[in-house]
Amino acid sequence: MTGLRAVLEAGGLSRLLARAARRRATPLQAVGLGLTAALAVLILRWALSAAYGDAAGFMIFLPAVIVATLAAGPVAGVTALIACLAGGWVLVGATSGIDLFDHIRRVATTNFVLVGLFSAAVAAALRQAICDLDAASAAQDAATRALDLGQSELRALLDQSSAGVARLNAEGRFVAANDRFAAILGRAADDLIGLSPLDITHPDDVAVTIDLFARMQAGAPGGEIEKRYLTPDGSPVWCLASVRGLIAADGAPDGYVVVLVDVTPARRADAARAESEVRFRLMADTAPSPVWMTDVEARVEFANRALVEFYGTPMDALLGHVWRAALHPDDVARVEAVQAAHRPGRLPYGFEARFRRADGAWRWMRCSVNPRFDVDGAFLGYVGMSFDVTEQRLALAEARESEERFRAIADTAPVLIWVTDRERRREFVNEAYVAYMGGDYETVRDADWRDYIHPDDQPGLVTASLAGEATRQPFSLEARYRRADGVYRWLKSFSRPRLDAHGDVAGFVGVAFDVTDAKQAEQDLKRLNELLEDRVGAALAEKAKAEADLMHAQRMEAVGRLTGGVAHDFNNLLTVVIGALDIILRSDDPARREKLGRAALSAARRGESLTHQLLAFSRRQALRPEPTDLNAQIQQSEPLLRRALAPGVALDLALAADAPRADIDPAQLEAALLNLVVNASDAVGEGGRVEVRTGTRRLAEGDDATLAPGLYVLLTVADDGAGMSADIVDRAFEPFFTTKPLGKGTGLGLSQVYGFCRQSGGDARIASEAGRGAEVTLWLPALAADHALPVIEEPEPVGGLAGAGRVLLVEDDAAVATVAEELLQGLGYEVEVAGSGEAALTALAAASFDLMLTDVIMPGGMNGAELARRVAAQYPEVRVVLTSGYAGEDVAATLADAPWPFLRKPYSEAELARALRPAAAT
C-alpha cells in the first residue's frame, strides 16, 4: 500500500492512465484488450474467493472496465464489462454454489451493469478529453515553435544585416541593439543599454538629433539625419540614422526603432575625391610643362598655368579647338594623321610639332596624349602633356655635326681608334684600324678583335681587358696583333670609359699605336741590365763578405776588450777575496779577521754588481720593478755618488719638486746613475762639475717615433767636460764600445744604462758637442699620481730573523749546498739536502718538512718551479722559497706565474732569514 500511495502521490498512476488514453486501437485490438483486462480481474477475484465468502464481489471488476475503456475506447470497456459479468457468474457459482438469480444477486448484478456502463461512459469521455487536450497542446506547441522560429529568424536577420538596428523605449533610451549597430559605434551591445543617443552623439550634431525627436513627438512618423557618433576613443563615425516610432496595441507610443548605416567611407571618399581634384589642379599648375584635358570631341576643357603662360591668353580663351591656331602650318597634316590613326580606337599617341609661343617664337613641343575613362569604362576624352624639346633638337643637330667632325679627325689620325658599346662590340673604327686589320669597314668593325691577337698573348690579354673594363677606369694593354700582311706587331693600347647622359658607362674609346721598335729597344736594354745586374750582384756579394769579415773582426775585438776588462775587474776582486780568506784562515786575531772578512765580502758584492751589469747589458737580467721616487732614490744615493767622483769634481743636484714616480728596478737605477756619474767625473777631470737633475715631459701622439705617447720622468746627468764628437755619440751605447784605455773599462757602462732603460719601457739619449760637455738623459715612464709607494722595511738583526723547523734544501752545486746548509743551521733550522727534484720528492715522501728552499736551475729534467708546483699540490703544508744565481729571461718566464718568494744569489744570512720567515711565504 505504501508503494501504491507513493505512485499515486507522485502522479505515476495518472501518467500511466493518461498514456493509456492516448493509445489508438483497432476494434479487434479493443476487444482483445477488454478480454485481457477482464481476465486479469477475474483471476484477482478468484484469488480472493475465500475473503468474499457468500458476497458476489462484482464491484472489483469496475477497474478493468475503466482501464479497458481508457486504453482502447468504449468497445474495449463493454467487452470487459460483459466478460467480467459472465466470468463472475461462472466463478461465483462454481466456487461458492451461490444462486445467482435470487433477489440480492439480481440487484448486485444490475448495479454492476449500470455502474459499469456509467464508468465506461465516463472513461470514454475522459479518453476523448485527453485526446482533445493533446491535440490542443500539440497545436499550441506548433504555434510556439513557429513563433520561436520567427523570432530566431528575425534576430538572425538583424544580426546579419549590414545596417545597425536598435530599439529605444518611450524615454528615448536604448533597450536593445544588434551586433552591427554596436560595431558601427565601436562598442559592445550590452554597453548601449540604458544610454541615450545624445550620450554618444558628436557635440556639433546634438541639436539636429533633438530637432528630429521633437518633430516625431509632434506627430511625424519618423525621419532621417546624417550625423556623427563618438566611439569610446573619441573618434567620430559618420552615420545615416533612420528613426521610426513604435505604436502599442492600445495605440499609445511604445518607443522608437533606429536604423544606422555607416557612411564614413563614403564621406572619406568624397573628401578624397575633392582633395584629389585639388591636388591634381595644384600639381598641374605646379608642373613646368603645359598640361590639358579634352572632351570626347577633342575640345580643351582644362589647361594648367604653364599652358596659359605659353599662349599668353586666359584659360577661357584656350577652351575648344583654339590650340589648332597655334600649330605650325607645316605640321598640321602630320598631327592630324597621328590623331586619325589613334583616336578612333581610343589609343594613346604622341607627336612632335612646332607651336607659336606668346612672344611669337616657334617652339618644338613633344606632346604625349592618353585617353581617360570613367569608373564604368566610358570614354571621357584625353589628357595631354607637352615638353619643350627645342634645345634638345638643337643639341641633337650639334651632336650629329660633332660626330661628323670626330669621324673626320679619327680617320686622319695615324693611330688605331675604336669605340665600343656596352656589349664590347665595335661601334666605330677609323681608317687606320681598317687598314691595319685589312678588309672593308663593316667586315673589320664586326670582326672579333681577339682573333688578331698572337696565340701566346691571347689568354693574358683577354683577362687583363676584362679586368680593366670592370674597374670603369682608364687602362692600358700591350700585346702582339696580326697585321693585314700576316706580320705580328706590338701594339700598345689605351682605353677610357665613355659615359652616357646619366653618368653610366656606355662603352670605351680606345687608341693603339705600334711600339714594336720601342719593344725591341726595351728587350736590348733588358738584356744589358741583366748583364749589369749579374756583375753588380757579384760585386755586392764580395762587399757583403768583406763586411761580414769586418764585423766578425770587430766582434772579436769587442769580445777581447770585454774579456780584458772583465778579467781585470774580476782579478782585482778575486785578489781581495782570496788574499783576505787566506789571511783569515791563518790569523787568530778576531779584529783582523773581521776587517779582512768585510773586505772580502765587499769585493764579492762588487762582483755581484758586475754580474748584474753584464746581465742587464745582455738583457738577460730580469728586472724587479717597483714604484720608485727618483728624487728620494737620488738623495739616498748622494753619499755614494760623491765618493765615486774624482778629487776636485763638484756634484750638484737639481731635483724637480713635482716629479712623479716611475715603475723601475731601484737597484738598476742606482747602478745606472752611478755609471753615468763616474763617466761624467772621468770626462771633466779636476775642477769640473757634474749635475744630476730630474724633470718631466709629456709626449703626444706622433711626437716621438721611439717612445709611446704619455708622461715620462727625465733623469739627466750633465757635465762640463770635453764633450763627444758626433761619431762617438752615435756609438756610445754600442756593446763593448769604450774610449778608455785597454784594461780601464769593459765598455758595459752606457750599454748597461741603455739596456736598463729599454727594458723599463723608456729610452736613453745623449746630447753632446766637442768642447761643450755632455748630457745623458734617461726617459722613464711615469706612474699615475695615486699609485702607492712600496713599504720600505728597516733591516732587522740576524738574530731577530732566526727561524725553527725542518728545511729541505734542494741544490745541485755541492759547494753552494754546504754554505747554504751552514747558514740555515746558523739560523736555527734542521736541514736535509737533496741534489735534484726527484731526490727532493723522495725525501718529502719519507719525512715531513716545514719549508723547502730550492734552486730554479737544476739538472735532471725538472726545474725548481716545476718541483714547487708538485710540492704545492702534494704537500700544501710545506712552504716554498725559490732561489737562483742566474736571473735570465728563461728564468723570468719560468717564474712569471709562480706565487712563491724568490731569493737571488748570492745572498747573505740576513737576506736568507728574511726570505724564509713565514711572512715571505704569503
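Which residue in β25 is the bridge partner of V810? The views below, taken from a predicted model, include the answer.

**View 1. Strands β23 and β25 run parallel and are joined by four bridges.** Strand β23 covers residues 805-810, and strand β25 covers residues 851-855. The bridge partner of V810 is T854 in β25.

**View 2. An open sheet is formed by five strands with parallel pairing.** The order of the strands is β24-β23-β25-β26-β27. The edges are occupied by β24 (829-834) and β27 (902-904). Each of these two has a single partner strand, so one side of each is left without a neighbour in the sheet. On average, neighbouring strands of this sheet are turned by 25 degrees against each other, direction ignored.

**View 3. Helix α25 packs on the sheet.** This helix, residues 814-826, touches β23, β24 and β25. The direction of α25 makes about 160 degrees with that of β24.

**View 4. Helices α3 and α5 pack at an angle of about 155 degrees.** Helix α3 comprises residues 27-47 and helix α5 residues 62-72, and their axes are 9 Å apart. Because angles over 145 degrees count as roughly antiparallel, α3 is roughly antiparallel to α5. The crossing of the two helices, α3 and α5, is right-handed.

**View 5. Residues of both helices make the contact of α3 with α5.** From α3 the contributors are A30, L33, G34, A37, A38 and V41. From α5 they are A64, A68, A71 and A72. Nine residues of this contact are nonpolar, one is polar and none is charged.

Methods
Residues are numbered from 1 along each chain as its sequence is written. This is a predicted model: local features need pLDDT of at least 70, side-chain atom pairs count only at pLDDT 80 or more; totals for chains, interfaces and linings use all residues. Side-chain values use heavy atoms; hydrogens and water are left out. Axes are lines fitted to C-alpha atoms, for helices over the stretch in contact, and angles run from 0 to 180 degrees between N-to-C directions. Angles under 35 degrees count as roughly parallel, over 145 as roughly antiparallel, 65 to 115 as roughly perpendicular and the rest as oblique. A crossing is left-handed if the near helix is turned anticlockwise from the far one by less than a right angle, and right-handed if clockwise. Contact means heavy atoms within 4.5 Å. Ala, Val, Leu, Ile, Met, Phe, Trp, Tyr, Cys and Pro count as nonpolar, Asp, Glu, Lys and Arg as charged, and the others, Gly among them, as polar. Two strands pair if DSSP finds at least two bridges between them.
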